[in-house]
Amino acid sequence: MARLMNIGFGNVVNTGKIIAVVSPEAAPVKRMVQNARQIGKVIDATQGRRTKSVIVTENDYIVLSALQPDTLVKRFNLNMEEAKGDTDEA
């Protein structure tokens with residue numbers, strides 16, 4: 001069953017597809033986002049705000065979020081704990 005994680009402003013991502021959550025400040029990450037933009041593989045979920053985290057998915061899509069990476073990681077971990085609890089009860 002797919003678990004969805006809120007990445008801000010009502011936007012959600014399938015947690016099973018996330019490879020990494022990184023800061024957009026590093027030059028390699030900026031290049032990765034620019035290259036993905038050129039081939040149409042960027043999903044901008046910032047609602048016009050500053051990008052604070054970049055989510056890399058297993059199908060080579062890049063999702064931009066206005067939430068801090070720490071916030072997204074906490075939500076991801078909470079989501080995983082809930083999933084574990086669901087399987088324990090079944």
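**A four-stranded sheet and its helix**

In this predicted model, four strands make up an open sheet with mixed pairing, arranged in the order β3-β5-β6-β4. The edges are taken by β3 (18-22) and β4 (42-44); each has a single partner strand, so one side of each lacks a neighbour in the sheet. From one strand to the next, the twist averages 20°.

Strands of a sheet pair through backbone hydrogen bonds, and the pairing can be parallel or antiparallel. For β4 and strand β6 (residues 62-65), the sense is parallel, and three bridges connect the two. I43 can be used to find this pairing in the structure: its bridge partner in β6 is V63.

Helix α1, which covers residues 27-38, packs on the sheet. The helix touches β3, β4, β5 (53-57) and β6. Its direction makes about 115° with that of β6.

A single residue, T57, can now be followed in more detail. T57 lies in strand β5. Is T57 buried or exposed? Its relative accessibility is 6%, and residues under 20% are classed as buried, so T57 counts as buried. The surroundings of T57 can be listed by contact. Leaving aside residues up to four places away in sequence, T57 touches K17, I18, I19 and V63. V63 is also the residue in β6 that serves as bridge partner of I43. In addition, the side chain of T57 reaches the backbone oxygen of Y61, at 3.0 Å.

Note on methods: Residues numbered from 1 in each chain as written. Predicted model: local features only at pLDDT ≥ 70, side-chain atom pairs only at ≥ 80, totals over all residues. Heavy atoms only, no water. Pairing = 2+ DSSP bridges. Axes fitted to C-alpha atoms, helices over the stretch in contact; angles between N-to-C directions. Contact = heavy atoms within 4.5 Å. Buried < 20%, exposed > 50% of the residue type's maximum accessible area, 1.4 Å probe, protein only. Polar contact = N/O pair within 3.5 Å; in protein donor to acceptor, adjacent residues only side chain to side chain.
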